[in-house]
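Student: Please take one part of this structure and describe closely how it packs against its surroundings. I would be grateful if each term were explained when it is needed.

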Amino acid sequence: NYSGFDARPTKGGRAPDQFREDAWRTLSNPALDWSWFRADPWAVAQSNRVLRFMARQGPDGANQFTLDGTPLSHDHSIGLTAMAATAGLAADSEMARPLVQELWSAPIPEGTYRYYDGLMYFLGLLQCGGRFHAYEPATH
């Protein structure tokens, strides 16, 4: 949920040594970097690793895990699915396809977790749809 730049869990915060909501968006970071800059092949390996894990969870997989991959919930969240779908920007497309399809087919989030799931859903749609761009400042 929270880590330093060396990827070790940090002290403080809610459940820093578990994979929970605040960690979901980290699935998209390397893939987005790869799709824009193709700078580090590690992003492809990482994205494939994440999608293999997600595939083992099945279509209704949990949304929270210990660091060894043990599910901590029975809840399924479109927010996690959306961020996993963005990993497809760097991963093998066949592994990403089920997650991208679930994202594309999902209704707009509502209810208790609509804000956070909705934000991840929106970012996922922008990224997977090729509409997430960097806007550099104008030079004069």
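Tutor: A crossing of two helices is called left-handed when the near helix is turned anticlockwise from the far one by less than a right angle, and right-handed when the turn is clockwise. Helices here are DSSP runs (H or I, at least four residues), numbered from the N terminus.

The model is predicted, so local features need a pLDDT of at least 70 and side-chain atom pairs a pLDDT of 80 or more, while totals for chains, interfaces and linings use all residues. Residues are numbered from 1 along each chain as its sequence is written, and side-chain values use heavy atoms, without hydrogens or water.

The part chosen is helix H5, residues 93–105. Its partners are taken in turn.

Consider helix H6 (residues 114–128), whose axis comes within 10 Å of that of H5 and crosses it at roughly 120°. This makes H5 oblique to H6; angles under 35 degrees count as roughly parallel, over 145 as roughly antiparallel, 65 to 115 as roughly perpendicular, and the rest as oblique. The axes are lines fitted to C-alpha atoms over the stretch in contact, with angles from 0 to 180 degrees between N-to-C directions. H5 passes H6 in a left-handed crossing. On the H5 side, Val100, Leu103 and Trp104 make the contact (heavy atoms within 4.5 Å), and on the H6 side Tyr121, Gly124, Leu125 and Cys128 do so. By class, this contact has six nonpolar residues, one polar residue and no charged ones. Ala, Val, Leu, Ile, Met, Phe, Trp, Tyr, Cys and Pro count as nonpolar, Asp, Glu, Lys and Arg as charged, and the others, Gly among them, as polar.

Next comes helix H4 (residues 78–86), with an axis that comes within 8 Å of the axis of H5 and crosses it at roughly 130°. H4 and H5 are therefore oblique to each other, and their crossing is left-handed. H4 contributes Ile78, Thr81, Ala82, Ala84 and Ala85 to the contact, while H5 contributes Leu99, Val100, Glu102 and Leu103. Seven of the residues in this contact are nonpolar, one is polar and one is charged. Val100 and Leu103 of H5 thus appear in the contact with H4 as well as in that with H6.

The remaining partner to describe is helix H3 (42–57). The axes of H3 and H5 come within 10 Å and cross at roughly 55°. H3 is therefore oblique to H5, and H3 passes H5 in a left-handed crossing. Asn48, Leu51, Arg52 and Met54 of H3 meet Met95, Ala96 and Leu99 of H5. This contact divides into five nonpolar residues, one polar and one charged. Leu99 of H5 takes part here and also in the contact with H4.

One detail lies beside H3: Arg38 is in the loop between helix H2 (28–37) and H3. Arg38 has a positive phi of about 50°, although it is not a glycine.

Note on methods
Helix = DSSP H or I, 4+ residues; strand = E, 2+ residues; numbered from the N terminus.
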